[in-house]
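Let's walk through this protein together, starting from a small space inside it and working outward. Keep the viewer open as you read.

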Amino acid sequence: MLKSHSCGELNKKHIGAEVTLAGWVDRRRDHGRLIFIDLRDREGVVQVVFNPEVSKLCHEIASEMRNEYVVRVSGEVAPRPPGTENPKLPTGDIEVIARNTEILNPSKTPPFYINEDVEVEESLRLKYRYLDLRRPRMKEKLILRHRVVKFIRDFLDARGFIEVETPILIKSTPEGARDYLVPSRFHPGKFYALPQSPQQLKQLLMVAGVEKYFQIARCFRDEDTRADRQPEFTQLDLEMSFVEEEDILNLIEELFTSMVETIKPEMQLIKPFPRLSYAEAMERYGTDKPDLRFGQEIRDLSDIVAQSDFAVFRSAIANGGKVKGICAPGCATYTRNQLDELNKLVQGLGAEGLVTMSLGTEGGSLNNLTIEMVRSVAAKFLTLDQVKAMAERLGANMGDLLLIVAAKPKLVNMVLDELRREVASRLKLADPNLFAFAYIENFPLLRWDEEAGRWESEHHPFTAPRDEDVSLLDTTPEKVRGKHYDMVCNGYEIGGGSLRIHTSHLQRKVFKLLGYSDEEIDDRFGHMLEAFDYGAPPHGGIALGIDRIVMLLSGDETIREVIAFPKNQNAVDLTFNAPSSVTEEQLAELHLRLREE
Ligand code: ASP
């Protein structure tokens, strides 16, 4: 090694020791006679002093050093002169008196400060990601991610799982997104698809008798990039044979509980993880990935206002819609502007509008509410009893604001889910120290795709229907529930899985229901159906998004923060400038010609 110690590890115990350090110049202070350098490596920063009386040559070399120069220093660890200690720095009691030094490599002036935690435009950070990752805050995220993955590996290894790698060049394995395709040079006109997940491969490993598999697996999905979505992302992918749903849910609950307790002991968990049916989650939170850190549950008010004189409510219900609401505590004082903002949010989501109802002023009992105290366009069309009944159902008090939406059930849920999160963020209702993990179960197996006019899998086509619902596949597919479960945390879907179909006849039946012809089934999934005919064990599994988990653990709001080299919002890698053009020769080799658009 070019160094004997790391900068960050030095402390009082090392006083008197001769050390050799190597790292980057974090900061240089030239006090004329003495030059001070904060030398940084991965473990931290230590102060180095260049004194011409100790070494004239070293002092001369140090006067050439600038920020981010790579340097090597040898010298003695000494206590800092009394009064100059820096209690904020772990190495703040000592300094290194340089006797020897060399510049290993100079550096241009970096485009942003490495030594200060300042806001830098993201595209600049991504272009110079190698400099961005030098910043201690980013380095901590890399280390956190490493620890999470290591924890997972150790945990599963101790429970008899083996990690198996699966191919990246493979065939389409549907998870509901577009595939990334790779043209084949050997087979003109043919393409590999990058796996959207190792789903089929892990199922084949179960047929192969592996019984307990996991992988830290890269998945590729060509879909719009978002804060919590990247074209390529990492899953903890897991599959087990001879299991029931409980076995998988309990294993993952134990994994996450122990991981958080080990890696983020300061965070709270709700134990055991709450379990909600899909129907219940939709009813109470309007979404299948509810944030359970706060209440403000959605309540159906339709029965209260169905007969009211307020046409907006009455006609929505008459047209098969619903009237539902939530309560924003203490927000009766919201100004016109603030209410307009909420209205705009609602309209942006496609609803006609929001009915707001301010309940007087804070304090006092709802019993004393009069209709004059209610500020709302609907007030003059409603009776006091109707208003009170709504307020009570929403758990409101005087001084609260009711947010009510009337529309088709799906839209009502979507809008109120958004409003509920908006209210929680404005009022800071979510406990920042809480990870509210939960399981969502009992999803429908299929969903009707209006546009395409056919059934789609709610999860993916390999999910088994509930045994008692199998006969409904022929008659009322919409009523079939799948053996599918999702894990959510703080409003994010962290992962999902299912027990799988393991017989070829049921798998073929589900593919047919999804609109595939027999020929298409054989062409795309023949390998699975055949495998199931060679003694496939009952099996099931789950996959969990590592990027999202690390993002939550690090308190970030986008997974780009916890991926070493992420793509930007337009799916571009700014460091490499990928994607990029290729040469005519490359295209020709691949038997491709670009189309004129
Ligand atoms: N392959 C599924 C996914 O990526 C997870 C699973 O069913 O295990 O969502």
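In this predicted model, a good place to begin is the largest cavity, whose walls are formed by Phe256, Met259, Val260, Phe435, Phe437, Ile494, Ile549, Leu552 and Leu553. Two elements, α6 and α16 (546–554), each give two or more residues to that lining. The cavity holds about 50 Å³ of space. What kinds of residue surround it: nonpolar, polar or charged? The lining consists of nine nonpolar residues, with no polar and no charged ones.

Phe256 is worth a second look. Setting aside its neighbours within four places in sequence, this residue is in contact with Phe273, Phe437, Met487, Ile494, Leu544 and Ile549. Phe256 also belongs to the largest nonpolar core, a group of 45 residues in which Phe256 and Ile252 touch the most other members. Which helix gives the most to this core? That is α6, spanning residues 245–263, with nine residues. Apart from this core there is a second one of 26 residues, with Val323, Cys327, Met357 and Met398 among them.

Now back to the enclosed spaces. The count of cavities of 30 Å³ or more comes to two, and the second largest has a volume of about 30 Å³. Around this second largest cavity you will find Leu126, Arg129, Phe565, Pro566, Asp573, Leu574 and Thr575. Its lining is made up of four nonpolar residues, one polar and two charged.

Next, turn to an open space, the second largest pocket. Its volume is about 610 Å³, and 20 residues line it. If you want to find its centre, look for Tyr180, Leu181, Pro579, Ser580 and Val582, the lining residues that lie nearest to it. Strand β7 (residues 181–183) gives the most to this lining, supplying three residues. By type, the pocket lining divides into 14 nonpolar, two polar and four charged residues.

Finally, zoom out to the whole protein. There are 17 helices and 24 strands, and the C-alpha trace spans about 95 × 70 × 55 Å along its principal axes. Of the 597 residues, 50% are buried. Among contacts with a separation of 6 or more, 66% are between residues 24 or more positions apart. On the outside, the protein exposes about 29500 Å², and carbon and sulfur atoms supply 50% of that area.

Note on methods. Residues numbered from 1 in each chain as written. Predicted model: local features only at pLDDT ≥ 70, side-chain atom pairs only at ≥ 80, totals over all residues. Heavy atoms only, no water. Core = buried A, V, L, I, M, F, W, Y, C linked by side-chain atoms within 4.5 Å. Buried < 20%, exposed > 50% of the residue type's maximum accessible area, 1.4 Å probe, protein only. Helix = DSSP H or I, 4+ residues; strand = E, 2+ residues; numbered from the N terminus. Contact = heavy atoms within 4.5 Å. 1 Å grid on protein atoms, 1.4 Å probe; cavity = no way out; pocket = protein on both sides within 12 Å on 5 of 7 lines; lining within 4 Å. Points joined across faces, edges and corners; volume = space filled by probe spheres on them. Nonpolar A, V, L, I, M, F, W, Y, C, P; charged D, E, K, R; others polar. Areas by Shrake-Rupley, 256 points an atom, 1.4 Å probe, with all protein chains shown as cover.
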